[in-house]
Structures are given as C-alpha cells and as structure tokens.
Amino acid sequence: MANRLINENSPYLLQHANNPVDWYPWCEEAFRRAKDENKPIFLSIGYSSCHWCHVMEKEVFEDEDIAKFLNENFISIKVDREERPDIDKYYQEAYQILNQRAGGWPLSIFMTPDKKPFFAGTYIPPEPKYNMIGFKQLIERIIKFWKKNPKDLINQANQIANYLQTSNNPKKAIKFDESIIDRFIKATVSIYDKTNGGFSFKPKFPQTSIINTLLKIYQISKNKEALNLATNTLKNMAKGGMRDLVDGGFCRYSVDEKWLVPHFEKMAYDNALIANTFLNAYFATKDSFYKEVAFETIDFMIEKMQENYLFYSASDADSEGVEGKYFVYSYDEVKEKLKKDGFKNIDEILKNISISKNGNFEEKNIVRVESDFKDKKEVLKSLKELREQRDYPFIDKKIITSWNAMMIATLFKVSRVKEDYLNFAKKSLEILLKKVYINDNLYHVTMIDKEPKIKAYLEDYAYLINALLEGYKTTLNFEYLILSTKLTNDALSSFYQDGKWYFSKGEFKTEADFSDATYPSSAAMMVKNMLTLASLVDEKYKRFSFYTLEFYSEKIYKFLPYTALFVEDMIRFLKDDIIIKSKAKNLLDCTKKIDFISPFICLKEEEIDEIMLCNSNSCFASVKDCKEVIERLNG
C-alpha cells in the first residue's frame, strides 16, 4: 500500500512511495503529529540519482521489521535535496557539527518535534558493518534514550540549534592586491596531482572553478604554470571513465585518482559547468580538442537530458538495480561486436579502448582511451549500438532553475564559437522564464508539466542573472540586460546584508557558501554578475561587489584555492574590465573574437559610429572596426 509520498511530484519522493515506512513529505502535519504524540523525527534527505540512497532504501526502508519499528516510534519524513536545498544545507551543517567532517547523501537526521537535530549520519546499514552501527540498533537506542532521558537529547538538540544560529562572520577584512594571483597558484600547486591532474587524490571531483581561474590567470598574465595545471587536468579528465566516451557527457566524480571509475550518475550542473570550462580552455589555447569536448558534452545534454528546451536534473548511477550496468562492457561482448562489424585489428583496438579479459571495474570494463587511434569514431559507434540494447538509467525530470541557467549560459557562450547553438540558447531561456518567473516571482524547481511552488534561492538568482548576461554579451538583446538588472536588485533586497549573502531567508535562514562546493559559490557568482552590471549599467554595483569581497576576504585568503570564483572576482576587480562601446552592428562583429583576448571584456551598445575601448574610469582608444579592436587589445 502506498504511503503519503504517492501524492508528491518529486521523482525521488515517488521512488519511496511504496516503502512500508509511513513517510511524510516535509509538511506541518508531520511536525504537529510528532508534537502531539511526543515522538522524535527521523528525517531522510537524498536525491533520485544517488546510488547509496538506493542502497539504503533497499536494505533499510524496504525492511518490514525496521519499517514497523519506525512507524510505531518515530515520525518519518523524506526530503528531496534538489527540491529543498535550504533544508539540506541546514542539516548538512548539523551533520558537520556533530561529526566534525563533511556529510553527504543519503543524509539521516534524528531530531526533536521542533526540528532540532541530535544525531546525524549518512548511509546507515541495516545491521552493523563497515565499522558502523546498524540502523535497527540505532533506532532502538534512540527510543530507549528518548523514553528514559528525553531532556538529555533535547538539551543536546538545543545546543546544536544554537550553534547553527551563531553567525560565523569573518573577524577582519584583508586588503587584497594582485599578489593573490601568485598565492592562488602556489596554493593550487600544493594540492595538485602531478601525475593525473586534478586537485585531490580520491575521490576526484572536476572542481571547474579552480580550472577556470587558472585559465583566466593565464589569459591575462601568460603564466605558463597556471595553464599547465589546468590543461593537464582537463586532458586527463577527458580520457574516459568519468567522461563517457560512448554517449558523451561527464559523470559526477571519479572514485579513483585516475578519473577512470566514475560515480555513474550524470548531473545537469556538472555537464553545464564542465562544458563551459572546456570552452574556457579553448579560448585560452585555441586548441580545438577542448572545443570538441565541449560540443560533445552539450550535444549529450540536448540529446538525452532535455524536453522542450528545458533540461532535466540528473540521470541515475544505477540501471536494473546495478550500479553502472548501462555503462560497462564485458570483454567477450565487445570482441564479438567488433568482429561482427568487420574490424580487423581487434586485439589492438581492445587495447586502445582499455578493454581486457580481467576488466578494470568489478571484472567488467569502462571505456578509456589514452591516445587517439585509427577508427576510434567507428569503434565508439559500435559500442553505442551495444548500449542501445540495454535499459537506459532513470532520468529525474525535475526542472531546476539554477541548473538550467548554467546550461543556458554555456549554450550562449558556445554559440559565440558555433552559431548553430544560438537558437537553442535563446529558446531555452525564453521557455525557462515562462516556466519559473511568474508575476515577478522567481521559483526554484518544477516538473515539466506542473506549476512551480517553491520560491527561488540565491543560487537561482545568481545563475539566471549570469545566463542573461551571457545572452546579452552574445546577442545585445537589451531585454536580457534589463531583466538581469531587475533580478540583481531583487537578490540584493532579499539575500544581501552589509557584504554578506544568504542562501535562503525563508523557513531556514542559511548563509551562502563562500567556497565553491558542489558548484561555484552563489555569493561569488553574484559578485561576477555585479561587476558586469557595474560596467554596463551603474557604478553602484561595483560598490556592492567591493563590500562582498571585503566581507569574505579573510575566508578567501584562508581557503585558497577552494574559493576560486571569489579569487577570479578579486582579480577582475583589481584589473578592471575592458568595455567595448559602439553601435550593435559593430559590436556583434566582435562577439566571436573577444573571448580569445581577455575573460574580462564587456560589450556596451551606444549610438556612436566609432568603436571606443574603455575601462570603468575612462576610454583609452578609438578604432574603426573589430580587426583594429583585436590588434589594439592584443598589442
């Protein structure tokens, strides 16, 4: 018999609708019942494409005995972290306080009826293993304490709640100057994997913010070390494994140091951000390899991960109940397929695509190519045909504003290289705005056939503004600039206070991340947007940018390079923008060339015949055409 989640829209919540656990969605009814019956709350937070969420569901939430005990003694609540990132953020911080390390998903929280946590875990097995307590034993102990010593648990919960409310403001501002470039590179080198690229060992995340900042440092200073750190990482990421060479796109992260064995889920935000980073590498180097990887990644998203120009949130790591089943190959099936398709040098091909009898992942094979070889394109086509006989992983069809905006910004940017993408970018932005921007209210998430209900968070404003500004830079559509300005003013009104940014100010008042975690800091993205608006619209946005950089400066310097987007903002603030002013026709002639010159160029339409080259204080040159613009700026 289905539980209450059957009435929800979230694909993740619907995955749990037939569990024997008597789940509630996050709602007042659940908290009211917990208070009336004096029961603790078990809160489980996850998302639809999370492998360990599936494991815990199968092992724990489908266990009849565990469900019976939970139903008798707890109020159980399920939350989709992608729908409610504010709830997730708040309780992840509680996990960190209780465990002194970063959390993850599934997130398992035990708390009082008034939402105050006293125990936090992630994946918890049904019985003790992996040096972990079993879920059965845990819930029995919690109820024993709750019945015998409820005051102790409540006191602990109150202390944690008080700590969560304590503002962790920086103690002092640090004066920043251009020495931050060398300090950033030095800090990045200290965590760099010289062999495989990347900025950790294992697990390995793409950390696109670090790479972007390195590439932009190279563009403005020609620092070869910065370029090598970035390009060596991207080349290793592109060899295969975390990058899916067969279908295209990138998986969320690599569990090993070589980028070979991925966590097989594919997220919209990762693919948007990674494609953008490969484009940045193309602009910095003019090496078409990076451009082709960006095209391939974007094409995957358009082919597999969108409907009516709106992008889905994620595809699953599992298929047919097995992690990675869709993606991996047996030695025999590949050999037979290559033979059937008429390839001659099969043993050499198998070696080139890293397929062996022993395998490189649980006796199966993940495709990886260390260097190009003849017939590579045709071989990968054969492997794709093998996949087409399998069940494709489940796709979560949520439409998340910030993640769609990331894709749209990348589409506008790539259209400055290949115009074929421009119409898709414009159409995608138009449809997204119709879907999530209603009566001057911005919303965070919806399903493709539903009306949105959850109001936007800072990340939605930050990334949508960025997409609008990329759209303006590409098309000079003044409506994009007007709306980006309005949304910036709304964000300042709703989330900004004396240099500090909040992620949410609703049910949970949570601070914006200053570091680039799952994706670049929303606060840093707002600074990036405001620096652009300062060059195009009003100098006042530069003051807000400075106040933000000043407020976070101590943390930026302390946590280099994990604040890479803020570092980029600081460099841009210090170096100043190049503002190219002229009639639209003259400016549009330059749009396909300016990305190769500097990352900090703005186009500003003005009714003047000549082309003026300016910074925020004055103009320093007047030229006749785009060719002279390039010559002057490169000179």
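**View 1. The surroundings of Y91 in the predicted model.** Once its neighbours within four places in sequence are set aside, Y91 is in contact with W26, L43, I45, L107, I109, M111, K115, P117 and F508. Both Y91 and W26 are also listed among the residues with the most contacts inside the largest nonpolar core.

**View 2. The largest nonpolar core and helix α11.** This core has 198 residues, and those with the most contacts inside it are W26, Y91, F135, F278, W501 and I580. Its largest share comes from helix α11, which covers residues 268-285 and supplies twelve residues to the core.

**View 3. A second, separate core.** Apart from the largest core there is another of 19 residues, which includes V246, I346, L350 and I353.

**View 4. The fold of the whole protein chain, as context for the close-ups.** The secondary structure of the chain comes to 24 helices and 25 strands. The radius of gyration is 26 Å, close to the 26 Å that the globule rule gives for 635 residues, so the chain is as compact as a globular protein of that length. Along its principal axes, the C-alpha trace spans about 80 × 70 × 45 Å. Among the contacts with a separation of 6 or more, 68% are accounted for by residues 24 or more positions apart.

**View 5. Burial, surface and charge of the protein chain.** Of the 635 residues, 60% are buried, while the chain exposes about 26,700 Å², of which carbon and sulfur atoms supply 46%. The chain carries 92 positive and 94 negative charges, and the mean positions of these two sets are 3 Å apart.

Conventions
Residues are numbered from 1 along each chain as its sequence is written. This is a predicted model: local features need pLDDT of at least 70, side-chain atom pairs count only at pLDDT 80 or more; totals for chains, interfaces and linings use all residues. Side-chain values use heavy atoms; hydrogens and water are left out. Helices (H or I, at least four residues) and strands (E, at least two) are DSSP runs, numbered from the N terminus. The radius of gyration is taken over C-alpha atoms; the globule rule is 2.2 Å times the number of residues to the power 0.38. Buried means under 20% relative accessible area, exposed over 50%, partly exposed in between (1.4 Å probe, protein chains only). Contact means heavy atoms within 4.5 Å. Accessible areas come from the Shrake-Rupley method with a 1.4 Å probe; for residues, only the protein chains shown count as cover. Lys and Arg count as positive and Asp and Glu as negative; His and the chain ends are not counted. The place of a charge is taken as NZ of Lys, CZ of Arg, CG of Asp or CD of Glu. A nonpolar core is a set of buried Ala, Val, Leu, Ile, Met, Phe, Trp, Tyr and Cys residues joined through side-chain atoms within 4.5 Å.
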